Amino acid sequence: MNKVVPLLSENCSPNFTYEDFISCSDSFKKNSVSNLPKEQKTFDAISKMANQLLEPIQKKFGEIKLTYGFCGPELQKIIKKGVYPKTDQHSGFELNKNGNLICERGGFAVDFLIPNLSSLQLARWIVDNLKFDKLYYYGDARPIHLSQHDFPLGQIILMKFYKKRVVPRKIKRDLFFEEIDF
């Protein structure tokens, strides 16, 4: 039995619509490209993200500002820089032209921040309180990247800036709470 694809204006959780995740990136806002999920599993993953991760965060800290959500193939062509499709969970469960998952892992990712809240404080709370797949920490005043998956890894990745490159470094939970120089 196939589910009906939801309207973008429909709520996927009490405080979020599907549209919130599809149109939140600056790249989408600056370009007129199609950025609609085609796979029902992507809509389901967006709903899981909203309900299982973002709703508890918003309940604890207040309004969330989404900065990057769903990235379909057309938007991905525009962004190119810094995106590695095989690991980019922003594509959800979308398929490539060969019928394979764009992101081999599946799941779904979103980047966000909470205005006037330290991203380090937010990230540490998430690590302490929620079951997530991956959390990328870019710095205290930058959005965090958070993904969900049915089998969450709970992986913490520091994104260190070196000249014009960003270098990922996996870090153990205990070090994330102790290490000061991110």
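In what order do the elements of the chain run from the N terminus on? The answer is β-β-α-α-α-β-α-β-α-β-β-β-β-α, which adds up to six helices and eight strands. Here helices (H or I, at least four residues) and strands (E, at least two) are DSSP runs, numbered from the N terminus. The model is a predicted one, so to speak of a local feature takes a pLDDT of at least 70 and to count a side-chain atom pair takes pLDDT 80 or more, while totals for chains, interfaces and linings use all residues. Residues are numbered from 1 along each chain as its sequence is written, and side-chain values use heavy atoms, with hydrogens and water left out.

Of the 182 residues in the chain, 47% are buried. That word means under 20% relative accessible area, with exposed being over 50% and partly exposed in between (1.4 Å probe, protein chains only). A contact means heavy atoms within 4.5 Å. Among contacts between residues at least 6 apart in sequence, 54% join residues at least 24 apart.

Next comes the inside of the chain. In soluble globular proteins, nonpolar side chains tend to be buried together. The largest nonpolar core in this model has 38 residues, and F21, L54, I57, F112 and I126 have the most contacts inside it. Such a core is a set of buried Ala, Val, Leu, Ile, Met, Phe, Trp, Tyr and Cys residues joined through side-chain atoms within 4.5 Å. At least two core residues come from each of helix 1 (18-22), helix 3 (40-61), strand 4 (108-113), helix 5 (119-129), strand 5 (134-137), strand 6 (144-148) and strand 7 (155-162). Helix 3 gives the largest share, eight residues. As for I57, its contacts beyond four places in sequence are G62, I64, F112, I114, L122, W125, I126, L130 and L146.

One of those partners, I114, sits in the loop between strand 4 and helix 5. It counts as buried, at 5% relative accessibility. I114 and I64 are 50 residues apart in sequence, yet their C-alpha atoms are 5.0 Å apart in space. Setting aside neighbours within four places in sequence, I114 is in contact with I57, F61, G62, E63, I64 and L122. Buried or exposed: which is N116, found in the loop between strand 4 and helix 5? N116 is exposed, with a relative accessible area of 84%. Its phi is near 65 degrees, a positive value in a residue other than glycine.

Helix 5 follows that loop. At its start, a side-chain oxygen of S118 reaches to within 3.2 Å of the backbone nitrogen of L120. The buried residues in helix 5 are S119, L120, L122, A123, W125, I126 and V127. They pack against helix 3, strand 4, strand 5, strand 6, strand 7 and helix 6 (173-178).

Past helix 5, in the loop that leads to strand 5, is D133. D133 counts as buried, at 0% relative accessibility. Its side chain and that of Q89 are joined by a polar contact of 3.0 Å; this term covers a pair of N or O atoms within 3.5 Å, where within protein one must be able to donate a hydrogen and the other to accept it, and residues adjacent in sequence count only if both atoms are side-chain atoms. Not counting residues up to four places away in sequence, D133 touches Q89, R105, S147, Q148, H149, F151, P152, L153, G154 and Q155.

Q148, on that list, has its place in strand 6. At 5% relative accessibility, Q148 is buried. A polar atom of its side chain lies 3.3 Å from the backbone oxygen of A45. Beyond four places in sequence, Q148 is in contact with A45, K48, M49, L53, Q89, G107, F108 and D133. Between Q148 and F132 there are 5.1 Å in space, C-alpha to C-alpha, for residues that are 16 apart in sequence.

Another buried polar side chain belongs to S23, with a relative accessible area of 17%. S23 is found in the loop between helix 1 and helix 2 (26-30), and its side chain reaches the backbone oxygen of E19 at 3.0 Å.
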